[in-house]
Amino acid sequence: MTVTRRTILGGAFALAVAASGSSFAAKPLVMGFSQVGAESEWRSANTASIKDAAKQAGITLKFADAQQKQENQVKAIRSFIAQRVDVIAFSPVVETGWETVLREAKAAKIPVILTDRAVNVADKSLYVTLIGSDFVEEGRRAGRWLADYAAKSNKPVLNVVELQGTVGSAPALDRKAGFEEAIKGNPKLKMLRTQTGEFTRAKGKEVMEAFLKAHGKDINVLYAHNDDMAIGAIQAIEEAGLKPGKDIIIVSIDGVKGAFQAMVAGKLNVSVECSPLLGPQLMKAAQDVVAGKPVPPRIVTEERVFPAEVAAKELPNRKY
Ligand code: AHR
């Protein structure tokens with residue numbers, strides 16, 4: 001009997017059997033995964049989760065690191081199509097500019113799963129599902145925490161600076177929008193400056209230095225779109241002779257161990273969780289898709305908010 005491999009998008013399934021005599025052995029499913037890069041503690045945990053989960057599930061993973069460049073992701077996806085993988089998954093560095101390559105995957109009948117970040121395409125049939133956080137809600141949670149803090153503060157107005165993530169990326173756009181929604185019209189909160197820190201510690205530090213140079217002690221609050229930028233900014237604040245977490249209140253997102261350590265040290269005030277542990281859900285969705293089982297178009301990760309007061313208790317339980 002001959003080996004057959006079929007992958008059909010839509011009522012998607014793949015059948016891959018190798019048969020000899022009367023015994024059948026399933027061929028391992030092959031996934032091509034294009035990762036954003038290695039820009040943050042979060043991203044490293046996300047990569048580890050995907051690699052571990054693939055191993056656990058017996059899925060052959062072809063992993064490509066795009067080094068934060070969309071053109072590298074497009075190249076990787078084209079190479080996965082050429083290799084005829086069973087399923088393509090990726091975390092898109094930015095939201096726009098994906099139609100052409102996703103149409104190529106669709107034409108090749110290879111299903112695409114998005115993890116972590118969204119794409120902005122009119123034709124939603126270009127991907128099967130998006131697995132990951134609700135970034136707008138994360139921004140709202142950060143904004144709500146700050147609004148509560150401001151309500152208790154005896155200062156009439158708190159001046160806020162914002163370190164945004166990668167320009168054009170879903171988490172940067174959504175976390176900004178959610179935060180703005182939560183603090184809109186709040187007379188006690190004033191946005192002084194906002195600029196990208198590219199989700200990295202080095203850039204977070206550099207931009208915070210510039211903010212401090214321009215506004216010095218007028219800055220009361222830093223809102224960072226991720227913990228790495230907050231940790232970089234903490235260094236800048238200390239080097240400027242100020243106390244992070246006290247002179248400047250710091251609100252950030254991710255909930256990585258580094259942030260918990262900073263909270264325990266009194267240098268960060270709150271971290272809104274964004275879980276990178278998406279590997280198991282991704283592998284399950286991939287298996288379902290190729291088996292022709294229905295997969296919901298959106299799988300949202302459950303997350304919490306961790307203020308500094310609970311950090312010492314929670315730190316030993318953190319998985320990333
Ligand atoms: O897309 C998720 C974001 O990307 C994380 O918040 C950030 O740390 C990462 O680089």
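Which space is the largest cavity? In this predicted model, the largest cavity is the space taken by the ligand.

## Enclosure and shell

Twelve positions should be read together here: the ligand is surrounded by E39, S40, W42, R43, D116, R117, F135, P171, R175, F199, N226 and D254. Sorted by class, this shell comprises 6 charged, 4 nonpolar and 2 polar residues.

## Polar contacts

Three side chains are described here through their distances to ligand oxygen atoms. For E39, an N or O atom of the side chain lies 2.4 Å from an oxygen atom of the ligand. The side chain of D116 places a polar atom 2.8 Å from a ligand oxygen atom. In the case of N226, the distance between a side-chain N or O atom and an oxygen atom of the ligand is 2.9 Å. The ligand taken alone exposes 280 Å², and the protein buries 100% of that area.

## Origin of the shell in the fold

Two helices, α1 (41–57) and α5 (170–183), each contribute at least two residues to the shell around the ligand.

At the level of domains, the shell takes at least three residues from domain 1 (2–14 + 28–132 + 276–301) and at least three from domain 2 (135–274). The ligand shell is thus described by residues of both domains, and the ligand itself occupies the largest cavity.

Key:
Residues are numbered from 1 along each chain as its sequence is written. This is a predicted model: local features need pLDDT of at least 70, side-chain atom pairs count only at pLDDT 80 or more; totals for chains, interfaces and linings use all residues. Side-chain values use heavy atoms; hydrogens and water are left out. A residue is near a molecule or strand if one of its heavy atoms lies within 4 Å of it. A polar contact is a pair of N or O atoms within 3.5 Å; within protein, one must be able to donate a hydrogen and the other to accept it, and residues adjacent in sequence count only if both atoms are side-chain atoms. Accessible areas come from the Shrake-Rupley method with a 1.4 Å probe; for residues, only the protein chains shown count as cover. On a 1 Å grid over the protein atoms alone, a cavity is a set of points where a 1.4 Å probe fits but cannot get out, and a pocket is an open set with protein on both sides within 12 Å along at least five of seven lines; lining residues have an atom within 4 Å of a point. A molecule sits in a cavity or pocket if more than half of its atoms lie within 2 Å of its grid points. Helices (H or I, at least four residues) and strands (E, at least two) are DSSP runs, numbered from the N terminus. Ala, Val, Leu, Ile, Met, Phe, Trp, Tyr, Cys and Pro count as nonpolar, Asp, Glu, Lys and Arg as charged, and the others, Gly among them, as polar. Domain bounds come from an automatic or database domain assignment.
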